[in-house]
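Please look over the sequence and the model below. The text after it walks through some of the side-chain pairs and the parts of the chain they belong to.

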Amino acid sequence: MPSNCPECGSSRVVEDDLYSQRQWVCEDCGSVVSEGHLTTSLSDETQGTNVPYHASTEEIKKPCRNLILGFIRVRALCRILRLSSDMESEVVSMFERAYNLPNFLRVAITKKEILGGCCILCVCRQRNWPIAMGTVAYLLGADNSAMGRVYQELIKSLNIKATTSSITDLMESFCYDFKLGPNQVEEVLSETPQRLVDRMSALMELASDTWIVTGRQPLPLLMGSVYMAWQSLNPTARMKYSFTKFCKIGKAPEQSWRKSRDTALKRVSELLEVLCRLGRELPWLRGVAVEPNTVVTLVDDILKHRRALLLRAVNKYEQQLQNELSESQTTECEKDPSESNRSKSPSPETPAVMSSDQAECENPADEEATDCPLPPNHWGKRHLFLPPCVKSRKRQRVDVPQLEVTGDEDISDSEIESYIRSPDEIKLYLKAQKELKQM
């Protein structure tokens with residue numbers, strides 16, 4: 001506390017409390033001698049607590065504009081792919097963590113969009129969600145190679161262990177589910193799992209080359225291929241066993257094979273069709289008929305020479321198309337111009353050939369037949385093996401219009417007369433009433 005006032009020299013200096021600030025004021029002249037404490041004492045510094053920076057003066061960092069747009073884009077993609085809310089929140093958090101990394105912070109906008117798609121793909125693979133990289137790349141309009149590079153960089157940056165399973169692992173685990181060991185069934189029906197896996201691998205490669213695997217569920221395809229592999233390893237003794245009998249012999253899980261039985265039989269028929277086409281190209285058969293019920297005996301030879309037989313079958317089919325085209329051109333040249341013009345114009349009895357976009361089935365309301373054959377001028381006619389989406393076009397569904405009855409419709413006299421009972425009906429009604437009363 002100061003002893004005298006520096007202005008008037010008076011010793012009447014008192015303490016004055018002004019709100020929370022302490023100051024010394026001279027009573028004689030009213031001047032402020034000293035005011036507050038600009039420094040703390042040693043005891044105050046030892047007894048005080050440290051205040052962190054983020055609790056004192058740091059401002060909350062707001063997300064940038066590109067990050068906000070990325071959140072909107074990622075959520076929109078999640079809703080297009082019908083992901084759950086938990087998966088959507090996980091994708092958003094992963095995108096936020098990856099966005100602030102040095103690898104993705106100062107990059108182009110297109111790479112940041114691909115980063116959001118890679119986060120969706122990573123979460124889907126962790127949850128075993130059936131979404132491929134090509135699907136996400138198509139939605140983003142990005143290149144598959146660019147998306148693959150960003151995906152690998154994302155996994156390395158966040159140290160994520162992505163779950164990947166190959167078709168070989170699925171086949172091995174699938175074959176061990178069947179009880180076909182030597183001590184489990186008869187010797188004629190027994191087969192080791194390793195031989196089944198090897199034969200299934202060869203059949204799956206053939207199915208992949210002929211577009212049977214494209215867009216198909218794995219379980220029915222595995223069921224059909226393991227049945228074909230088991231039959232082809234000993235065809236003379238196993239050709240008589242049907243697919244249902246095979247599942248019962250191998251003690252397969254009943255819920256799995258019963259649900260996919262119809263679809264698995266379709267895959268078996270497709271495999272048999274491909275094997276028949278290739279079996280007819282074996283040179284040592286010399287024109288012997290190859291049928292689906294006997295082609296199992298030729299599976300071993302077909303799989304050994306698969307590449308050569310595929311090339312030979314495709315070349316033969318193309319040569320056959322060229323011969324048909326040349327024959328049709330020669331016949332048209334030989335015709336009279338008037339007849340050719342008449343044949344080009346559609347007659348009332350024969351409908352004109354429509355294009356592939358306009359071609360429809362005759363009975364689109366028929367629900368039993370779901371596949372339609374290709375129209376004559378479709379480009380798929382020029383190829384022997386085609387994807388399922390091209391080979392069989394789905395029948396267009398037409399909803400039957402429902403009748404709207406409001407009760408205000410006009411009623412004709414004939415309809416009113418149909419509701420009125422005739423004299424004979426009245427007599428029969430009264431007779432029936434009397435008999436019921438007597439009973």
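In this predicted model, the side chains of Glu-273 and Arg-277 meet in a salt bridge, with 3.2 Å from N to O. Both residues belong to helix H14 and are four residues apart, about one turn of the helix. Glu-273 has a relative accessibility of 32% and therefore counts as partly exposed. Arg-277, at 25%, is also partly exposed, because the buried class ends at 20%.

A salt bridge can also link distant parts of the chain. Arg-312 and Glu-281 meet in one at 3.7 Å, N to O. Arg-312 lies in helix H16, which covers residues 306–334, while Glu-281 is in the loop between H14 and helix H15 (299–304); the two are 31 residues apart. Arg-312 is partly exposed at 43% relative accessibility, whereas Glu-281, at 8%, is buried. Elsewhere, Glu-205, Asp-209, Arg-306 and Arg-307 are joined into one network by salt bridges that share partners.

The pair of Glu-191 and Arg-195 is another salt bridge, at 2.9 Å from N to O. Glu-191 counts as buried, with a relative accessibility of 8%; Arg-195 counts as partly exposed, with 43%. The count for the structure comes to 15 salt bridges.

Back at helix H14 (261–279), the loop between this helix and helix H13 (254–259) holds Ser-260. Is Ser-260 buried or exposed? Its relative accessibility is 6%, so Ser-260 counts as buried. Which residues is Ser-260 in contact with, leaving aside its neighbours within four places in sequence? They are Leu-219, Pro-220 and Met-223.

Aromatic rings come next. The structure holds seven aromatic pairs. One of them is formed by Tyr-227 and Phe-246, which are tilted, with 5.6 Å centre to centre and 50 degrees between the planes. This pair links distant parts of the chain: Tyr-227 is in helix H10 (residues 218–233) and Phe-246 is in helix H12 (residues 243–249), 19 residues apart. Tyr-227 and Phe-246 are both buried.

Trp-230 and Tyr-241 form an edge-to-face pair, with centres 6.0 Å apart and 65 degrees between the planes. Trp-230 lies in helix H10 and Tyr-241 in the loop between helix H11 (235–238) and H12, so the pair ties together parts that are eleven residues apart in sequence. Trp-230 and Tyr-241 are buried as well. Ring pairs link these four residues with Phe-178 and Phe-243: the cluster is made of Phe-178, Tyr-227, Trp-230, Tyr-241, Phe-243 and Phe-246.

A ring can also take part in a contact with a charge. The charged end of Arg-421 sits over the ring of Tyr-429, at 4.5 Å from the ring centre.

The last stop is on the surface. Ile-68, Leu-69 and Ile-72 make a nonpolar surface patch of about 260 Å². Of these, Ile-68 is located in helix H2, which runs over residues 65–80. With a relative accessible area of 39%, Ile-68 is partly exposed.

Technical notes: Residues are numbered from 1 along each chain as its sequence is written. This is a predicted model: local features need pLDDT of at least 70, side-chain atom pairs count only at pLDDT 80 or more; totals for chains, interfaces and linings use all residues. Side-chain values use heavy atoms; hydrogens and water are left out. Rings of Phe, Tyr and Trp (its six-membered ring) pair if their centres lie within 6.5 Å; planes under 30 degrees apart count as stacked, over 60 as edge-to-face and the rest as tilted. Buried means under 20% relative accessible area, exposed over 50%, partly exposed in between (1.4 Å probe, protein chains only). A charge sits over a ring if NZ of Lys or CZ of Arg is within 6 Å of the ring centre and within 35 degrees of the ring normal. Contact means heavy atoms within 4.5 Å. Patches are made of residues with over 30% relative accessible area and no salt bridge: like charges are joined within 9 Å, nonpolar side chains (Val, Leu, Ile, Met, Phe, Trp, Tyr) within 5 Å. Accessible areas come from the Shrake-Rupley method with a 1.4 Å probe; for residues, only the protein chains shown count as cover. A salt bridge is a side-chain nitrogen of Lys or Arg within 4 Å of a carboxyl oxygen of Asp or Glu.
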